[in-house]
Amino acid sequence: MPVGFKFSKIVVIESLEPDDVKTGLQISDFIKVELAKTHQTLPVDYITCWSAIEFTELLNQIAIDATQGVTPIIHIECHGDPTDGLEFENGSTLSWEDLAGKLKPINIATKFNLLVLVSACFGAYFTQMIKAHKPSPCWGVIAPTDSVVPYEIRSGFHAFYLKFLETWDLGFAITSLRKVPINTGQWFAKPAESLFDEVVMNYLESWCTKSKSYMRVAELKAEMRSMGTPHQGMTVIKKNLRQLNSNLLEKYFSIYFSCDEIPENAVRFTSVKESLNSRIQTLRSSGKFLV
């Protein structure tokens, strides 16, 4: 079975213009053929939609189905833009932020098992909406980082699904996907654990150095003075800031992995927290960070 997540069906949602190659249909047909070859039974839905409104309605229905125990892999086939997000057949758009907002309830309803394949130009820009201080909208993301053409999409995801349906191992499938060349950018594929790890470490290494922290302390002191707040010495402010940073991981971990809604995630993803705790201790012992 796939490592890290569970699923019970594949849903391919396509919104392309009339003259476009219908890559979503081609990919869904390919999946069905490969399943038939090995006599495997897995529901595969191919759904077309015309607009951003119709697309969001589909996601709303998928969220309802997820509360009834349906755990889909969602494969989105449409155009994409780094700024505007997803672009649909009628020309309407859905921002990457709004896409994340619509996927979040599905991820929670599936107990943090939602794998999303954004088969659109610049689809990986969706991951910019994944923040440590917000609930993750999915368990994992697979997408191109730049512009792609239909044959690259078809070849890449054929390779992915062929290996995935053969081995049920997501790691092997991603390796096969990455072997398929694309002219610009690359194939992006990461689980939520890796994204959380990266976001937290980037924040700590970029903003919690002593030099950056002292600048923040000075700004806080100036702000307190302007507001007439009782004076606090630099030492007290630095101590409070260090305490704030030290509590950051626990707070963000609970939010990001939706531990209030899915308590078992505290155990399921504990290795991520333990690894980050270990590296935070290393940063602290180096004497260069206020963490």
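## Working through charges and contacts

D19 sits in the loop that runs between β1 (9–15) and α1 (23–37). Keep in mind that the model is predicted.

**Exercise 1.** Decide whether D19 is buried or exposed, and find which surface patch includes D19.

*Solution.* Start with the cut-off: a residue is exposed when its relative accessible area is over 50%. D19 has 79% relative accessibility, so D19 counts as exposed. Next, look at the patch: D19 joins E17, E54, E57 and E89 in forming a negative surface patch.

**Exercise 2.** Work out where D45 lies and which residues D45 touches, leaving out those up to four places away in sequence.

*Solution.* First, place the residue: D45 belongs to strand β2 (residues 44–48). Then list its partners, which are K9, I10, V11 and V12. Take V11 as an example: V11 and D45 are 34 residues apart along the chain, yet their C-alpha atoms are separated by 4.7 Å. Finally, check the cover: values between under 20% (buried) and over 50% (exposed) are called partly exposed, so D45, at 26% relative accessibility, counts as partly exposed.

**Exercise 3.** The whole structure has 6 salt bridges. Take the pairs E34–K37, K163–E166 and K273–E250, and say where each one sits and how covered its residues are.

*Solution.* Go pair by pair.

- E34 and K37 have their closest N and O atoms 3.1 Å apart. Both are in helix α1, 3 residues apart, or about one turn of the helix. E34 is buried because its relative accessible area is 13%, whereas K37 is exposed at 56%.
- K163 and E166 bring their closest N and O atoms to 3.7 Å. Helix α4 (residues 150–167) holds both, again 3 residues apart and about one turn of the helix. K163 is partly exposed at 26% relative accessibility, while E166, at 55%, is exposed.
- K273 and E250 have a closest N to O separation of 3.2 Å. This pair links distant parts of the chain, with K273 in helix α10 (residues 270–286) and E250 in helix α8 (residues 234–256), 23 residues apart. K273 counts as buried at 14% relative accessibility, and E250 counts as partly exposed at 47%.

**Exercise 4.** Zoom out: how many helices and strands does the protein chain have, and what share of its residues is buried?

*Solution.* Count the elements: 10 helices and 8 strands. Then turn to burial: 45% of the 291 residues count as buried. Last, consider contacts with a separation of 6 or more: 74% of these are between residues 24 or more positions apart.

Note on methods:
Residues numbered from 1 in each chain as written. Predicted model: local features only at pLDDT ≥ 70, side-chain atom pairs only at ≥ 80, totals over all residues. Heavy atoms only, no water. Patch = residues over 30% accessible without salt bridge, like charges linked within 9 Å, V, L, I, M, F, W, Y side chains within 5 Å. Areas by Shrake-Rupley, 256 points an atom, 1.4 Å probe, with all protein chains shown as cover. Salt bridge = Lys/Arg side-chain N within 4 Å of Asp/Glu carboxyl O. Lys, Arg positive; Asp, Glu negative; His and termini not counted. Charge placed at Lys NZ, Arg CZ, Asp CG, Glu CD. Helix = DSSP H or I, 4+ residues; strand = E, 2+ residues; numbered from the N terminus. Buried < 20%, exposed > 50% of the residue type's maximum accessible area, 1.4 Å probe, protein only. Contact = heavy atoms within 4.5 Å.
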